Amino acid sequence: MIPYRHIFIWAVLTLLAGGTAQAVGFSTMSVEEISTLIDMQGTSDSSIHSAKEAVTEIPVPVSLTAGDMVSKVYGVVDPNVCKDECVHQARTLLGVSPQEDVDALWLESADGFVVDYYGMRPQVSAMARYDNGSERKGVADYGYFFLFPYTSDTKASSISSQSEFCGSLLQEMYDSGLALDLNTATDDLFEAVGEHNGSLVDVRLLDDKQQTGDGRFILILSVEPYAFTE
């Protein structure tokens with residue numbers, strides 16, 4: 001029997017696999033779908049390697065720029081490599097192995113993947129998806145989910161943290177020549193879309209709030225290579 005989480009993730013990624021939906025990546029998913037997708041990674045029992053084996057007692061942060069995140073899987077891996085090579089490079093360069101769920105490879109902060117973005121280290125889940133039916137050996141798309149949790153008492157502090165992170169990221173993209181257009185029709189806190197060397201770049205900020213007053217801000221940075229080729 002296939003676990004429910006695998007059925008859900010398969011359904012979500014299958015939805016993204018067709019035409020326009022694939023072109024916009026995670027921009028088609030609701031905050032509830034994104035939240036469930038992220039949370040299910042922590043309970044996955046299907047993996048290429050045990051990520052826990054590679055985690056040191058004190059995880060070593062990887063310093064990344066906006067350019068690193070936009071141009072490389074997990075900020076360090078060439079998006080043109082095959083799935084096995086992606087796993088090998090992640091393990092070699094980061095000291096932690098991605099876990100596989102259906103056709104997506106995930107790295108989690110809880111497993112030792114710590115991103116340092118100019119001194120800011122929010123919790124993160126990063127993924128790379130491979131299309132087994134494609135003639136290309138590289139990734140179909142990849143992305144990062146940066147999390148800024150809050151309670152009813154700490155929301156102001158979380159707003160400040162995510163604002164600093166988002167502002168720095170968008171400013172660096174702009175300074176590097178990556179022009180982003182705002183989607184003014186979205187219900188998200190914001191969505192910005194642009195092109196970088198033939199890749200579609202989508203940046204979304206969501207507020208995953210609960211009735212209790214607790215919640216988390218989710219910043220999604222997703223990239224689809226070769227989105228603008230025939």
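## Starting at Val81

Val81 touches Cys86, Gln89, Tyr130, Lys137, Gly138 and Val139, once residues up to four places away in sequence are set aside. This is a predicted model, and Val81 is a handy way into it. The residue lies in the loop between α5 and α6. Its relative accessible area is 11%, and because that is under the 20% cut-off, Val81 counts as buried.

There is a long-distance partner to look at here too. Val81 and Arg136 are 55 residues apart in sequence, yet their C-alpha atoms sit 9.3 Å from each other.

## The overall picture

Now zoom out. The protein has 230 residues, and 50% of them are buried. Its secondary structure adds up to 7 helices and 10 strands.

What share of the contacts between residues at least 6 apart in sequence join residues at least 24 apart? The figure is 60%. As for the outside, the accessible surface is about 11200 Å², with 52% of that belonging to carbon and sulfur atoms.

## The largest nonpolar core

The largest nonpolar core holds 43 residues, and Tyr74, Phe113, Phe146 and Leu219 have the most contacts inside it. Elements giving two or more residues to this core are the helices α5 (66-71), α6 (83-94) and α7 (155-175), along with the strands β3 (104-108), β5 (123-129), β6 (141-150), β9 (199-209) and β10 (215-224). Which element gives the most? That would be β6, with 5 residues.

A second core, separate from this one, has 12 residues, including Ala104, Trp106, Phe145 and Leu147. Leu219 is worth a click while you are in the area. Leaving aside neighbours within four places in sequence, Leu219 is in contact with a run of β6 residues, namely Tyr144, Phe145, Phe146 and Phe148. The list for Leu219 also takes in Phe165, Cys166 and Leu169, then Phe190, and finally Val203, Arg204 and Leu205. Phe145, then, is a contact of Leu219 and also a member of the second core.

## Two tyrosines with positive phi

Tyr74 is one of the best-connected residues of the largest core, and its backbone is worth a look as well. Its phi is near 60°, a positive value in a residue other than glycine. Tyr74 is found in the loop between α5 and α6, the loop that also holds Val81. Is Tyr74 buried or exposed? It is buried, with a relative accessible area of 1%.

Tyr226 also has a positive phi, about 55°, without being a glycine. This tyrosine is in the segment after β10. At 41% relative accessible area, Tyr226 is partly exposed.

## Loops and their distant partners

Gly213 is in the loop between β9 and β10, and it is partly exposed at 27% relative accessible area. Not counting residues up to four places away in sequence, Gly213 touches Tyr150, Thr151 and Ser152. For the pair Gly213 and Thr151, the separation is 62 residues along the sequence and 6.3 Å between C-alpha atoms.

Asp103 lies in the loop between β2 (99-101) and β3. How does a charged residue fare there, buried or exposed? Asp103 is buried, with a relative accessible area of 13%. Its C-alpha is 5.6 Å from that of Tyr130, a residue 27 places away in sequence. Tyr130 has come up before, as one of the residues touched by Val81.

## The second largest pocket

The second largest pocket has a volume of about 160 Å³. Its lining is made up of Val70, Ser71, Asp78, Pro79, Asn80, Tyr142, His196, Asn197, Ser199, Pro225 and Tyr226. By type, these lining residues divide into 5 nonpolar, 5 polar and 1 charged.

Two of the lining residues, Asn197 and Tyr226, make a nice pair to compare. Asn197 is in the loop between β8 (190-196) and β9. Its relative accessibility is 71%, and because that is over 50%, Asn197 counts as exposed. Tyr226, by contrast, is partly exposed. The two are 29 residues apart along the chain, and 8.3 Å separates their C-alpha atoms.

Conventions. Residues are numbered from 1 along each chain as its sequence is written. This is a predicted model: local features need pLDDT of at least 70, side-chain atom pairs count only at pLDDT 80 or more; totals for chains, interfaces and linings use all residues. Side-chain values use heavy atoms; hydrogens and water are left out. On a 1 Å grid over the protein atoms alone, a cavity is a set of points where a 1.4 Å probe fits but cannot get out, and a pocket is an open set with protein on both sides within 12 Å along at least five of seven lines; lining residues have an atom within 4 Å of a point. Grid points are joined across faces, edges and corners, and a volume is the space filled by probe spheres set on the points. Ala, Val, Leu, Ile, Met, Phe, Trp, Tyr, Cys and Pro count as nonpolar, Asp, Glu, Lys and Arg as charged, and the others, Gly among them, as polar. Buried means under 20% relative accessible area, exposed over 50%, partly exposed in between (1.4 Å probe, protein chains only). Contact means heavy atoms within 4.5 Å. Accessible areas come from the Shrake-Rupley method with a 1.4 Å probe; for residues, only the protein chains shown count as cover. A nonpolar core is a set of buried Ala, Val, Leu, Ile, Met, Phe, Trp, Tyr and Cys residues joined through side-chain atoms within 4.5 Å.
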